[in-house]
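Visitor: I'm new to this one and would love a close look at a single part of it. Could you pick up one helix and walk me through what sits on it?

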Amino acid sequence: MSSQEDSRLKTHFANLREEDQSTAPPFDRTAAAAPVLSRHGYFVRIALAAMPVLAIAVMLAVRPHRPKNAVPRELSAWSSPTAFLLQTPGKQLLNQTPRFGEPLTHALSAAQGGPK
């Protein structure tokens, strides 16, 4: 940018600044029209701003706490229609505790309600 363009821009901005200053109201009149915050009004505004924060904090503190690893009843009670395919043959035999002096097959037939 040349010095001639630079001086022309400075002159243009100076003219714009003078134009704005002539249409703007004086500062003392603007300052006198501004509301004066009393100490009471200041605390009221702070209290009003803090109320939503306090309300959220109370809601979070009062809500019932559920364990994060809890499974809803509907999911824990549901059984797959093909769950029988995953059952182990002889599961009753595997789940029994052996007794001393008794054969395992004898305990299995008694559990099933069959003959001894």
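Guide: Happy to. Keep in mind that this is a predicted model. Let's get our bearings, then settle on helix H1, which covers residues 3-23.

The protein chain is built from six helices and zero strands, so to speak α-α-α-α-α-α when read along the sequence. Not much of it is tucked away: buried residues make up 2% of the 116 residues. The chain exposes about 11400 Å², and carbon and sulfur atoms supply 63% of that area.

Now for H1 itself. The structure holds one salt bridge, and its partners are Lys-10 and Asp-6, whose side chains meet at 4.0 Å, N to O. Why can these two reach each other? Lys-10 and Asp-6 are four residues apart in H1, which puts about one helical turn between them. An α-helix has 3.6 residues a turn, so residues three or four places apart point the same way. As for cover, Lys-10 is exposed, with a relative accessible area of 56%, while Asp-6 is partly exposed at 33%.

There's a greasier side to the story too. Leu-9, Phe-13 and Leu-16 form a nonpolar patch on the surface, and together they have about 260 Å² of accessible area. Leu-16 lies in helix H1 and is partly exposed, with a relative accessible area of 34%. A residue needs over 30% to be part of a patch, so Leu-16 clears that bar with its 34%.

For contrast, glance over at helix H3, residues 39-62. H3 is hardly covered: among its 24 residues, the count of buried ones is one. At 1.5 Å a residue, those 24 residues should span 34 Å, and the end C-alpha atoms of H3 are indeed 34 Å apart. Even so, H3 has a kink of about 30 degrees at Met-51, shortly before the proline Pro-52.

One last stop takes in a couple of rings. A search of the whole structure finds one aromatic pair. Tyr-42 and Phe-43 make up that pair, arranged edge-to-face, with 5.6 Å from centre to centre and 70 degrees between the planes. Tyr-42 counts as partly exposed at 45% relative accessibility, and Phe-43 is partly exposed as well, with a relative accessible area of 47%.

Note on methods. Residues numbered from 1 in each chain as written. Predicted model: local features only at pLDDT ≥ 70, side-chain atom pairs only at ≥ 80, totals over all residues. Heavy atoms only, no water. Helix = DSSP H or I, 4+ residues; strand = E, 2+ residues; numbered from the N terminus. Buried < 20%, exposed > 50% of the residue type's maximum accessible area, 1.4 Å probe, protein only. Expected span 1.5 Å × (residues − 1). Bend = angle between axes of the 7 residues up to and from the residue. Patch = residues over 30% accessible without salt bridge, like charges linked within 9 Å, V, L, I, M, F, W, Y side chains within 5 Å. Areas by Shrake-Rupley, 256 points an atom, 1.4 Å probe, with all protein chains shown as cover. Phe/Tyr/Trp six-rings, centres within 6.5 Å; stacked < 30°, edge-to-face > 60°.
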